[in-house]
Amino acid sequence: AMATEATTADDKSIAAAAEAAAAQVADIASSTETSPPIAISLEGCANPNCQQIELASGDLISKLKRCAACGDAGYCSRECQKADWGRHKKVCRFASNAKKLQELFQCHPQYNGLLNHHRKEIKGEGGKLRTLILFNFATIQDLQRALDIGALASGQVQVATQLVGLAELELQMAGRDVEANDAWDVALYNSQVYEPADHVSVAIMQGTFVKPFLVLLRPTMKVDEQTGLEVA
């Protein structure tokens with residue numbers, strides 16, 4: 001019972017931190033221009049056993065109902081969503097938390113500053129070498145804790161941060177999980193096309209799940225070189 005209570009308290013703490021960060025993101029986003037992420041195109045109903053193949057063409061795609069938790073999967077009907085839950089729930093928890101972290105990296109000054117800090121580690125003049133910044137989380141709980149900038153910056157979160165060059169990324173893709181290939185294709189494409197002067201290519205990973213996106217850096221911030229956090 002005590003372990004359950006501790007877990008519940010920890011979850012509440014994480015949720016409270018996420019809500020506070022989300023509120024700040026909303027304020028910042030209203031006055032900050034950010035780069036839209038390049039996402040995988042939706043080809044049809046996410047239920048692999050769906051018979052509504054015709055939904056995969058034309059503007060009928062817009063009629064698909066998105067999963068309220070992660071916003072990634074789209075379904076032609078509630079029946080399809082229910083039928084696919086056994087498969088989708090494995091992805092949904094990752095996708096919903098990765099989406100929150102993506103928003104923080106894009107809009108929150110301290111998270112954005114952390115990316116700037118990692119960008120300066122990239123070899124090349126002014127950090128202008130094309131590189132993917134990969135955050136590989138040990139567990140889904142660590143991904144959740146990363147929504148607290150204090151925990152992430154202080155090393156309380158188990159995450160391997162890697163700077164992956166284009167050549168290395170292409171080689172690694174050959175051995176990736178087949179189901180994640182589309183996401184890695186997007187990560188490679190993002191890393192090939194972004195403008196190194198003011199953008200970074202980022203991917204969040206946990207297990208075989210991957211979420212790639214681009215982030216526009218905020219050049220007006222003063223950032224602590226040791227922690228990557230914004231300073232007054």
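Okay, let's start in the middle of the sheet: strand 3 and strand 5 run parallel, and six bridges join them. One of those pairings is worth finding on your screen, because I'll come back to it: Phe135 has Ile204 in strand 5 as its bridge partner. Before going on, please keep in mind that this is a predicted model.

Let me step back for the overall layout. The chain has 232 residues, and 42% of them are buried. Its secondary structure comes to seven helices and six strands. If you walk along from the N terminus, the elements go α-β-β-α-α-β-α-α-β-α-α-β-β. And what about contacts between parts of the chain that are far apart in sequence? Taking contacts with a separation of 6 or more, 65% are between residues 24 or more positions apart.

Right, back to the sheet. In which order do its strands come? The order is 4-3-5-6, four strands in an open sheet with mixed pairing. Strand 4, residues 159-165, and strand 6, residues 209-216, are at the edges with a single partner strand each, so each has one side without a neighbour in the sheet. From one strand to the next, the twist averages 20°.

For anyone new to sheets, strands pair through backbone hydrogen bonds, and the pairing can be parallel or antiparallel. We began with a parallel pair, strand 3 and strand 5. Strand 5, residues 199-206, and strand 6 are antiparallel, with eight bridges between them. These two strands make a hairpin with two residues in between, and Gly207 in the turn has a positive phi of about 70°. You can follow the pairing away from the turn. Gln206 has Phe209 as its bridge partner in strand 6, Met205 stands opposite Val210, and Val202 stands opposite Phe213.

So how covered are these two strands? Strand 5 has eight of its eight residues buried, and strand 6 has seven of its eight. In a regular strand, side chains alternate between the two faces of the sheet. You can see that in strand 5: His199, Ser201, Ala203 and Met205 point one way, while Val200, Val202, Ile204 and Gln206 point the other way, and all of them are buried.

Now, the helices. Helix 2, residues 78-107, packs on the sheet and touches strand 3 (131-137), strand 5 and strand 6, and its direction is about 15° from that of strand 6. Helix 3, residues 109-119, lies across strand 3, strand 4, strand 5 and strand 6, and runs at about 120° to strand 3.

Is helix 3 mostly enclosed or mostly open? Ten of its eleven residues are buried, so the rest of the structure largely encloses it. The buried ones include Tyr111, Leu114, Leu115, His117 and His118. Asn116 is also in helix 3, and with a relative accessibility of 13% it counts as buried, because the cut-off is under 20%. Setting aside neighbours within four places in sequence, Asn116 is in contact with Leu217 and Arg218.

Next, helix 7, residues 181-193. Here's a quick check you can do yourselves: at 1.5 Å a residue, its 13 residues should span 18 Å, and the end C-alpha atoms are 18 Å apart, which agrees. The buried residues in helix 7 are Ala183, Trp184, Val186, Ala187, Leu188, Asn190 and Ser191. An α-helix has 3.6 residues a turn, so residues three or four places apart point the same way.

Last topic: the rings. How many aromatic pairs are there in the whole structure? A search finds four. One of them is Phe105 with Tyr111, which is edge-to-face, at 5.8 Å centre to centre and 80° between the planes. Phe105 and Tyr111 are both buried. Ring pairs also link these two with Phe135 and Phe213 into a cluster. That brings back some familiar names: Phe135 is the partner of Ile204, and Phe213 stands opposite Val202.

One more ring to look at, this time with a charge: Arg130 lies over the face of Tyr194, at 5.2 Å from the ring centre.

That's my tour. If you'd like one place to start clicking, try the cluster of Phe105, Tyr111, Phe135 and Phe213.

Technical notes: Residues numbered from 1 in each chain as written. Heavy atoms only, no water. Pairing = 2+ DSSP bridges. Axes fitted to C-alpha atoms, helices over the stretch in contact; angles between N-to-C directions. Contact = heavy atoms within 4.5 Å. Expected span 1.5 Å × (residues − 1). Buried < 20%, exposed > 50% of the residue type's maximum accessible area, 1.4 Å probe, protein only. Phe/Tyr/Trp six-rings, centres within 6.5 Å; stacked < 30°, edge-to-face > 60°. Lys NZ or Arg CZ within 6 Å of the ring centre and 35° of its normal.
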